[in-house]
Amino acid sequence: MAALLSPQTFEACKQAAGIAGNIFAFGLFVSPIPTFRRIIRNQSTEQFSGIPYIYALLNCLICAWYGSPLISYDTLLVTTVNSVGVDFQLSYIIIFITNTEKRNKFRMSGLLLAVFVVFAAIVIGSLLVTDLEVRHLIIGFLSCATLISMFASPLSVMNVVIQTRSVEFMPFYLSLSTFLMSTAFLLYGIFNFDPFIYVPNGIGTILGIVQLGLYFYYHNESKQQAREPLIQSVA
């Protein structure tokens, strides 16, 4: 691709993809707000799962570390977007813990503590690696794994959608934002020749398409059922 574009055009495309990824990621971060308004209003997490936000927090922490100058070169846009993501995910998790049932409070609190312990171990361990290339590879593989886990975490919600034939617990804007963000960072990773960015985001793009397909299929089915009369008249 670089051979087909002038260096200036190639750099502009890379920066545009990175900025678009940041914008769509912000949309992804704010998309759960209606869900958490409902949780606060009802003082219950209902059937909503907190696991995707745990995965997202760990992913944002590791990806922010991967994009830092201590690990990578010329990927600062990855650090900026994931730093913002940490604040959002932490806020969502705190709200979830506050409003969930007692059994889930302990579980989610334990998972939150585990995230910070794991991240601290990753930061300290990586700084002990003096070879910068080896350090980059280690954190790159970790960021890739956590990003794939984050994209895969809604699979349990997708299972609920299929079983209940309802999209109530799979917010549309969350699925849309995931698709747009992963697509933008897929392009950014390709322009940056960074497989640790384009591989997981390529998987995220595919999973985003699957989520959107499920949403439209079951959303349209629900609308079709709603049109059917509850009581059929007898002639």
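Biologist: Which helices each supply at least two residues of the lining of the largest pocket?

Modeller: Helix H2 (33-42), helix H3 (51-67), H6, helix H7 (155-164) and helix H8 (172-191) each supply at least two residues of that lining, where a helix is a DSSP run of H or I with at least four residues, numbered from the N terminus. This is a predicted model, in which local features need pLDDT of at least 70 and side-chain atom pairs count only at pLDDT 80 or more, whereas totals for chains, interfaces and linings use all residues. Residues are numbered from 1 along each chain as its sequence is written, and side-chain values use heavy atoms, with hydrogens and water left out.

Biologist: What lies nearest the centre of the largest pocket, and what is its volume?

Modeller: Of the 26 lining residues, Pro-52, Tyr-53, Ser-153, Pro-154 and Leu-174 lie nearest the centre, and the volume is about 410 Å³, counted as the space filled by probe spheres set on the grid points. By class, this lining has 17 nonpolar, nine polar and no charged residues.

Biologist: Why is the other space called a cavity, and how many of 30 Å³ or more does the structure hold?

Modeller: It is called a cavity because, on a 1 Å grid over the protein atoms alone, a 1.4 Å probe fits there but cannot get out, whereas a pocket is an open set with protein on both sides within 12 Å along at least five of seven lines; lining residues have an atom within 4 Å of a point. The structure holds one cavity of 30 Å³ or more, and the largest has a volume of about 210 Å³. Among its 18 lining residues, Cys-63, Val-78, Asn-82, Leu-147 and Asn-201 are closest to the centre. H3 gives the most to this lining, with four residues, and the lining divides into 14 nonpolar, four polar and no charged residues.

Biologist: What makes H5 and H6 roughly antiparallel or roughly parallel?

Modeller: The axes of helix H5 (residues 102-127) and helix H6 (residues 132-152) come within 10 Å and cross at roughly 160 degrees. Since angles over 145 degrees count as roughly antiparallel and those under 35 as roughly parallel, H5 is therefore roughly antiparallel to H6.

Biologist: How do you know which residues of H5 meet H6?

Modeller: Contact means heavy atoms within 4.5 Å, and Ile-122, Ser-126 and Leu-127 in H5 meet Arg-135, Ile-139 and Leu-142 in H6. The residues of this contact divide into four nonpolar, one polar and one charged.

Conventions:
Axes are lines fitted to C-alpha atoms, for helices over the stretch in contact, and angles run from 0 to 180 degrees between N-to-C directions. Angles under 35 degrees count as roughly parallel, over 145 as roughly antiparallel, 65 to 115 as roughly perpendicular and the rest as oblique. Ala, Val, Leu, Ile, Met, Phe, Trp, Tyr, Cys and Pro count as nonpolar, Asp, Glu, Lys and Arg as charged, and the others, Gly among them, as polar.
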